[in-house]
Amino acid sequence: MRFETLAVHAGGAPDAETGALAPPIHLSTTFEHAPDGHLPHGLIYQRYDNPTQQRLEAALAALDGARRSLFFATGMAAAATLLQALPAGSRVLFQRDLYHGVRALAQHEFPRWGLSADFVDATDPDAVRTALRPDTACVWVESPSNPLLQIVDIATIAELAHAHGARLVVDGTFATPALQQPLALGADVVLHSATKYLGGHSDVMGGVLNFAAADDLAARAWDIRKLHGGSANPFAAWLVLRGLRSLPARMAMHCAHARRVADFLAAHPQVETVHYPGLATHPGHAVAARQMRDFGGMLSLQVRGGREAALAVAGRLRLFHNATSLGGCESLVEHRASVEGPQPVSPQNLLRLSIGLEHADDLIADLAQALGG
Ligand code: PLP
């Protein structure tokens with residue numbers, strides 16, 4: 001079945017009790033035991049599992065070609081759970097350009113958790129090979145990465161990790177399963193912040209771990225979700241399931257608009273650099289063209305004139321809301337260095353754009369007036 005068809009139908013069987021096509025939301029926190037104590041439906045308590053979430057997880061597994069899918073309250077809950085599910089004493093090799101929340105976990109929480117972290121430019125397979133240490137249990141990359149839109153050759157890094165006995169985790173939030181299938185390329189786990197494109201409307205938080213195998217790591221992650229309580233509420237699962245139905249259509253439009261905006265920005269004299277893998281000049285373009293169906297709706301630009309010039313451009317935009325997050329219908333602009341805490345790593349003149357579903361001509365006109373020149 002083709003992806004568009006799966007997105008509409010996965011986890012979409014009519015409700016067995018009523019025939020309803022829109023799935024019911026089961027809000028019950030608790031489920032009845034049989035007189036002999038067994039669980040007739042395999043369900044006991046909402047924090048462990050619930051029917052709405054199970055429907056969503058079936059759909060998510062189908063879309064990523066996963067054997068096991070786990071849904072969480074947020075993308076960070078998914079990330080923290082996976083890291084805590086690694087064997088005690090593990091070393092994790094992270095891509096250097098990394099969502100700043102995950103970097104903060106590595107820097108501030110790892111010592112308490114007994115884990116250690118290294119950072120590498122994962123766009124360079126030789127650098128990854130050199131950075132793998134005897135106790136590296138996991139390689140963790142984002143492709144495209146946040147916020148520099150770097151592209152990692154997933155199949156090559158999976159081979160390197162596996163030859164070393166390590167697992168490969170790919171944060172596929174920017175690409176979504178509509179554009180990229182990391183498990184088919186050899187990754188062991190895909191992480192998504194469902195808060196972004198999967199939900200798609202800036203009104204729900206969620207996180208996803210999709211596992212290539214229903215193995216001990218997946219089982220430990222299930223236990224940690226249950227015991228640490230990173231479970232989502234059923235309404236969040238329902239909203240994300242609804243979002244999946246239109247994911248391919250929205251992604252096609254996000255990609256088409258982002259490509260036009262990237263072309264416009266690349267030719268603008270006030271713009272120093274555009275980071276968009278769809279541009280032929282992007283260093284990861286060839287790999288992206290090979291491993292992605294399209295190049296996504298996210299891009300970053302570096303504005304001539306430094307931090308103040310970048311902030312002024314963001315302040316002059318009218319259609320783009322100046323706000324964090326991404327993947328909704330509305331376009332967003334964000335000065336990343338301002339939200340990265342006391343030690344920002346993003347260039348001070350960098351603005352990240354989440355290209356929404358408005359008409360591309362309107363977005364370009366807004367950028368043109370804000371950039372001036
Ligand atoms: N991964 C990436 C690439 C992200 O951009 C984000 C959030 O912005 C996360 C993970 C964390 O997701 P959440 O905000 O849903 O916890």
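These notebook entries record what I looked up in a predicted model.

**Entry 1. Strand 4 and its partners**

I began with strand 4, residues 136-142, and checked its burial. I found that 7 of its 7 residues are buried, so the strand is largely enclosed by the rest of the structure.

I then looked up the pairing of strand 4. Strand 2, residues 91-95, pairs with strand 4 in the parallel sense over 4 bridges. In that pairing I noted Arg 91 opposite Thr 136 of strand 4. Strand 5, residues 167-171, also runs parallel to strand 4, and 5 bridges join the two. Here Val 139 stands opposite Leu 168 of strand 5. I followed the chain from strand 4 through helix 6, residues 154-163, to strand 5, and recorded this β-α-β crossover as right-handed.

**Entry 2. Helix 6**

I next asked which residues of helix 6 are buried. They are Ile 154, Ile 157, Ala 158, Leu 160 and Ala 161. These residues cover an arc of only 165° around the axis, which puts them on the same side of helix 6. I recalled that an α-helix has 3.6 residues a turn, so residues three or four places apart point the same way.

On the face turned away from the buried side of helix 6, I found the exposed residues Glu 159 and Ala 163. The buried residues of helix 6 pack against strand 4 and strand 5, and also against helix 5 (125-131) and helix 11 (285-291). After helix 6 I noted Gly 165, with a positive phi near 80°.

**Entry 3. Met 292**

I located Met 292 in the loop between helix 11 and strand 9 (298-303). I asked whether Met 292 counts as buried or exposed. Its relative accessibility is 7%, below the 20% limit, so Met 292 counts as buried.

I compared its position with that of Ile 154: the two residues are 138 apart along the chain, and their C-alpha atoms are separated by 11 Å. Setting aside neighbours within four places in sequence, I listed the contacts of Met 292 as Pro 144, Ile 151, Ala 175, Leu 179 and Gln 180.

**Entry 4. Thr 173**

I found Thr 173 in the loop between strand 5 and helix 7 (176-179). At 9% relative accessibility, Thr 173 counts as buried.

I looked up its polar partners. The side chain of Thr 173 makes a polar contact with the side chain of Asp 171, at 2.6 Å. A polar atom of the Thr 173 side chain also lies 2.9 Å from the backbone nitrogen of Ser 193. With neighbours within four places in sequence left aside, Thr 173 is in contact with Leu 191, His 192, Ser 193, Lys 196 and Tyr 197.

**Entry 5. Helix 9**

I checked the span of helix 9, residues 234-245. At 1.5 Å a residue, its 12 residues should span 16 Å, and I found its end C-alpha atoms 17 Å apart, which agrees.

I asked how many residues of helix 9 are buried. The count is 9 of the 12, so helix 9 is largely enclosed by the rest of the structure. Among them are Trp 238, Leu 239, Val 240 and Leu 241. The buried residues pack against helix 1 (3-9), helix 2 (51-64), strand 1 (68-72) and helix 10 (247-266). At the N-terminal end of helix 9 I recorded Asn 233 as the cap, with a side-chain oxygen 2.9 Å from the backbone nitrogen of Phe 235.

**Entry 6. The open sheet**

I traced an open sheet of 5 strands in the order 8-9-12-11-10, with mixed pairing. Its edge strands are strand 8 (271-275) and strand 10 (321-322), each of which pairs on one side only. Strand 10 runs parallel to strand 11, residues 332-335, and 2 bridges join them. I noted His 321 opposite Leu 332 of strand 11.

**Entry 7. Helix 13**

I ended with helix 13, residues 360-371. Its 12 residues reach 16 Å from first C-alpha to last, close to the 16 Å expected at 1.5 Å a residue.

I listed its buried residues as Ala 360, Leu 363, Ile 364, Asp 366, Leu 367, Ala 370 and Leu 371. Seen down the axis of helix 13, these residues fall within an arc of 160°, so they line one face of the helix. They pack against strand 8 and strand 12 (350-354), as well as helix 10 and helix 12 (306-316). Gly 372 follows helix 13, and I recorded its phi as positive, near 65°.

Conventions: Residues are numbered from 1 along each chain as its sequence is written. This is a predicted model: local features need pLDDT of at least 70, side-chain atom pairs count only at pLDDT 80 or more; totals for chains, interfaces and linings use all residues. Side-chain values use heavy atoms; hydrogens and water are left out. Buried means under 20% relative accessible area, exposed over 50%, partly exposed in between (1.4 Å probe, protein chains only). Two strands pair if DSSP finds at least two bridges between them. A crossover is right-handed if, with the strands pointing away from the viewer, the path from the first strand over the helix to the second runs clockwise. The expected span of a helix is 1.5 Å times one less than its number of residues. Contact means heavy atoms within 4.5 Å. A polar contact is a pair of N or O atoms within 3.5 Å; within protein, one must be able to donate a hydrogen and the other to accept it, and residues adjacent in sequence count only if both atoms are side-chain atoms. The arc is that of the directions from the helix axis to the C-beta atoms.
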